[in-house]
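Subject: Structure for you to look at

Hello,

Here is the structure I said I would pass on. Please open it and keep it in view while you read the notes underneath.

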Amino acid sequence: MKDRLMAAIGENLKINSERLWDSLMEMAKIGPGVAGGNNRQTLTDEDSEGRQLFLDWCKAAGCTMGLDQMGNMFARREGTDPEALPVYVGSHLDTQPTGGKYDGVLGVLGGLEILRTMNDLDIKTKHPIVVVNWTNEEGTRFAPAMLSSGVFAGVHTQDWAYDRVDAEGKAFGDELQRIGWRGDEDVRARKMHAFFELHIEQGPILEAENKQIGIVTHGQGLSWTQVTITGKDAHTGSTPMPMRKNAGLAMARVLDKVEAIALSYAPHAVGAAGHIDVYPNSRNVIPGKVVFTIDFRSPDLTVITDMEARLRTEAQPICEAMGMDIEFEKVGGFDPVAFDATCVQAVRRAAERLGYSHMDLISGAGHDACWINKVAPTAMIMCPCVDGLSHNEAEDISQEWAAAGADVLLHAVLETAVITP
């Protein structure tokens, strides 16, 4: 019956492209950046405003809203079988400080759009469908990334997550309470039939290959190691070169090693430092302390483990030779992910049914789906982004790309949630 219904609907069933695009543009008005993107960091007033808009839209679509103790939002459209586990879709609404309009947001609002389309066409499913907004996916303000989906999946404890602090010393739990989005629901109470996440690629492959859809089969593993190097503050003009303990120079030499380590595992491994704090960060003071985070990624866990070990063994002698202390702390990470074969195949069938060009992908970025894959069958759908650019206010996609991704999401979800006559 399910196959016959999906075949009958075929390529004619598509989302409302204009409505999805209008929703993306309306959400982008909240927390505007300085260069055309967004700054809607997690648990800020702007995050709260974006959540409220999403809530209003979900209520208008006839959904009920659940809210758990990590602030995760769950908009539910009922199915015909009250005992059937829901099919979940979604991503995140928080952004980088200089983020784009689509990273994460496409997955949330694309999920809402499939419910609106089902309402328009009076489509019923056996399984309920739930659209989720995961709190603090980005990890910019409160490390690590994917914090709340990690608590949901049992990777982190809630108390540990609540104790994470931002650069100003404000705690995650306090800020969640302050903006009014701490729910009463136990974070691990929900069970899923399946989970699908639509996302922009955040890389250049789909555009370069002229493909509309990326079928994500695996996700790279990730390791974040925070490194602290302590030297000695001193005047830049009056301190002789041989007497300096320049923590900034030591960091530069360590980062050169990071580049070499990642290149030694080319082409699939990558490594860089994205977060760097220099103290006291004054023009005429030699840096006495630096704190930076090394991001290593690979689809091979043994490679990640070796890169971590080489970082420590190669950075330590650099600092010792310069008379400085160095400390390492692993502040985030996850193993490589293999997504559920049945869910991946549902995505593949959807792309083929709709006639969209597609290819298999390994995600180079971390996503909430990587954690949810631990507790439920999971798959991801990706659409191209211009020049592969993301985590940048110039991040861009086309309306057609967004629509194609949401169309595939709709078909994969309907196949999994089981259309009822």
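In which strand is His199 found? His199 sits in strand 6, which covers residues 194-200. Before going further, please keep in mind that this is a predicted model.

I began with His199 because it belongs to a set named in a record: the unreviewed UniProt entry has a "binding site" annotation that covers His92, Asp103 and His199. These residues are spread over 108 residues of sequence, yet they cluster in space, with a largest C-alpha distance of 9.8 Å.

The other two members of the set are in a loop. His92 lies between strand 3 (87-91) and helix 4 (105-121), and Asp103 is in the loop between strand 3 and helix 4 as well.

Are the three residues buried or exposed? A residue counts as buried when its relative accessible area is under 20%. His92 has 0% relative accessibility, so it is buried. Asp103 is buried too, at 5%, and so is His199, at 1%.

Next, the contacts, leaving aside neighbours within four places in sequence. His92 is in contact with Asp103 and His199, and its other partners include Trp134, Glu137, Glu138 and Asp368. Asp103 touches His92 and His199, and also, among others, Asp94, Gln202, Ser390 and Glu395. For His199, the list holds His92 and Asp103 together with residues including Ser91, His367, Met380 and Cys383.

Some polar atoms are worth finding on screen:

- A polar atom of the His92 side chain is 3.0 Å from the backbone oxygen of Asp94.
- The side chains of Asp103 and His391 make a polar contact at 3.2 Å.
- The His199 side chain reaches the backbone nitrogen of Gly104 at 3.4 Å.

Elsewhere, I looked at a pair of helices. How do the axes of helix 2 and helix 13 cross? Helix 2 (residues 17-28) and helix 13 (residues 399-417) have axes that come within 10 Å and cross at roughly 110°. Angles of 65 to 115 degrees count as roughly perpendicular, so helix 2 is roughly perpendicular to helix 13. The crossing is right-handed. Where they meet, helix 2 supplies Ser17, Glu18, Leu20 and Trp21, and helix 13 supplies Gln399, Ala402, Ala403 and Ala406.

Regards

Conventions: Residues are numbered from 1 along each chain as its sequence is written. This is a predicted model: local features need pLDDT of at least 70, side-chain atom pairs count only at pLDDT 80 or more; totals for chains, interfaces and linings use all residues. Side-chain values use heavy atoms; hydrogens and water are left out. UniProt positions are given in the numbering used here, feature names are shortened, and annotations may be inferred rather than shown by experiment. Helices (H or I, at least four residues) and strands (E, at least two) are DSSP runs, numbered from the N terminus. Buried means under 20% relative accessible area, exposed over 50%, partly exposed in between (1.4 Å probe, protein chains only). Contact means heavy atoms within 4.5 Å. A polar contact is a pair of N or O atoms within 3.5 Å; within protein, one must be able to donate a hydrogen and the other to accept it, and residues adjacent in sequence count only if both atoms are side-chain atoms. Axes are lines fitted to C-alpha atoms, for helices over the stretch in contact, and angles run from 0 to 180 degrees between N-to-C directions. Angles under 35 degrees count as roughly parallel, over 145 as roughly antiparallel, 65 to 115 as roughly perpendicular and the rest as oblique. A crossing is left-handed if the near helix is turned anticlockwise from the far one by less than a right angle, and right-handed if clockwise.
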